[in-house]
Amino acid sequence: MDADALIQKLGKLNPKLVAVIEKYLNKLPGVKKEIDKQTDEVMKGLEGSVRPYSNDFPTYKRLPDEGINRDNILSDMESMAALEKNRWKEGYVSGTVYHGNEEHISFLNKVYAANSQANPLHSDLFPSTSKYEAEIISMTAGMLGADNTEDEICGSVSSGGTESILLAMKTYRDRARVEKGIKRPEMVVPVTAHAAFNKAAQYFNIKLKQVPIGKDYKVDIKAVKRAITSNTIVIVGSAPTFPHGVVDHIEALSEIALKKNIGLHVDACLGGFILPWVKQLGYNVPEFDFSLKGVTSMSADTHKYGYAAKGTSVVLYRSLELRRYQYFTITDWPGGLYFSPTFAGSRAGALSAACWASLVSLGEKGYVDAAKGIMKTADVIKKGIDAIPELDILGEPLWNISFGSKDLDIYRIMDYMTEKQWSLNGLHKPSCVHICCTLRHAQEGVAEKFVADLKDAVEHVKSTPAKEGGMAPVYGMAATLPLRGTISQLLKKYMDVLYKV
Ligand SMILES: Cc1ncc(COP(=O)(O)O)c(C=O)c1O
């Protein structure tokens, strides 16, 4: 049997069984050696694109003997940043840079510079940072239903969406251990929830029970009910989901959480700072925040639609008691009494300062106007895709739009778009591509250009046979290859390449 036939046969088996077979296959020295050889070759081919600057800028494998002139350093760094700027600046990139206006960035940079030495670990020395963080949390809670409940919504500032989610999951694990004696905790998570939940399950030894989505790309509520056991510590919904941009059935999840007396985390990393305003603008946004009694925690990223610099997010809880399970304290350490609310010890107070400055400089009006521009752009893009018969939008997204094709290889369409400068996200299960609209896309003419290029891409793929190269075969393989362990190894080797000098 040749390798392709074997892979096809494996693809028909239960994925858990394939994982076991793969583990044994990898123990055969010949197989492991061959896989290593082939994956190393793939990685070698990637090194050039990962390290495009090796020839034009100095490389420091060790500390230079003497310090380099600051002007030279700045000049090199500014040159590299300039090379990377055009694509996101002009609106070719999905998500990633959510505001990007020159004036806004230089304002945040000034705030950062004024606070660059601040460290919230030393709250006695930097009370301004504590003030900024407390107010960021309070303003975020206010946007997300705190005024519609008697409960005291509270939270923490973290370094990003992933940390907010990790913190919340650790919090539920620790609460369940203390209050319910749960030693084998389980979390019930839709397959479309962000990978940070899988990470939390791995890091904190929580059993991950993944539940499917329905035809509307939202979590299947019946499957959630079936997945809950006496060990369930939390159920999860997204507002909206990263892959398809739809808001899960949070109200139904809230009812389940209340009935079963378990936590409900709403991941509004993507939506927290825009959904309230999209709702206010009259779009069809279901309830998703603390106004729903069963919602016990939320994550909302200030470094996405909060338009702060990269490196901040907010995790919110329905009560001070719940938040306390997140905190870390040690009272008998020779280094003295020690406490920290989040995973890091020392943190960049300047990031919190810049985040606070972003919130108060934009104000509600700034955020509503931004949401208006983004939704208008998303509407143009959605209409444009709808008018292309070969493409289908998945579900009913708001501004984070994914589309696939029944007849054409959607990854070839993405390849064509990449040639035209676009940086889109290739997704799988099902195969589709998405564009997450930001203020960069709300610039004049960007949405129209996107739609025109997409039309060309479809015509190109229809009229031209697939050629060698491009990412389409890689995405195709990643979506379908049953040997997930091998793909995981490939990703790990890729990370090794990123760290190579
Ligand atoms: C819905 C959702 N949750 C969580 C995250 C993770 O955020 P971060 O990349 O800031 O860790 C993202 C990132 O795109 C997201 O879209």
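**Exercise 1.** Determine whether His-303 is buried or exposed in this predicted model, and describe its surroundings.

*Solution.* Step 1: the relative accessibility of His-303 is 10%. Buried means under 20% relative accessible area, exposed over 50%, and partly exposed in between (1.4 Å probe, protein chains only). His-303 therefore counts as buried.

Step 2: His-303 is placed in the loop between β6 (297-300) and β7 (313-317). Strands (E, at least two residues) and helices (H or I, at least four residues) are DSSP runs, numbered from the N terminus.

Step 3: beyond residues up to four places away in sequence, His-303 touches several residues, including Tyr-98, Ser-159 and Gly-311. Contact means heavy atoms within 4.5 Å.

Step 4: a polar atom of the His-303 side chain lies 2.9 Å from the backbone nitrogen of Gly-311.

The model is predicted: local features need pLDDT of at least 70, side-chain atom pairs count only at pLDDT 80 or more, and totals for chains, interfaces and linings use all residues. Residues are numbered from 1 along each chain as its sequence is written, and side-chain values use heavy atoms, with hydrogens and water left out.

**Exercise 2.** State which strands stand at the edges of the open sheet of four strands.

*Solution.* Step 1: the order of the strands is β10-β11-β13-β12, with antiparallel pairing. Two strands pair if DSSP finds at least two bridges between them.

Step 2: β10 (392-393) and β12 (425-427) each have a single partner strand, so one side of each is left without a neighbour in the sheet. These two strands stand at the edges.

Step 3: β10 is joined to β11 (residues 400-404) by two bridges. Opposite Ile-393 stands Phe-403 in β11.

**Exercise 3.** Describe how helices α5 and α13 are oriented to each other.

*Solution.* Step 1: α5 (residues 102-114) and α13 (residues 349-386) pack with their axes 8 Å apart, at an angle of about 140 degrees. Axes are lines fitted to C-alpha atoms, for helices over the stretch in contact, and angles run from 0 to 180 degrees between N-to-C directions.

Step 2: angles under 35 degrees count as roughly parallel, over 145 as roughly antiparallel, 65 to 115 as roughly perpendicular and the rest as oblique. The helices α5 and α13 are therefore oblique to each other.

Step 3: among the residues that meet are His-104 and Phe-107 in α5, and Ala-350 and Leu-351 in α13.

Key: A polar contact is a pair of N or O atoms within 3.5 Å; within protein, one must be able to donate a hydrogen and the other to accept it, and residues adjacent in sequence count only if both atoms are side-chain atoms.
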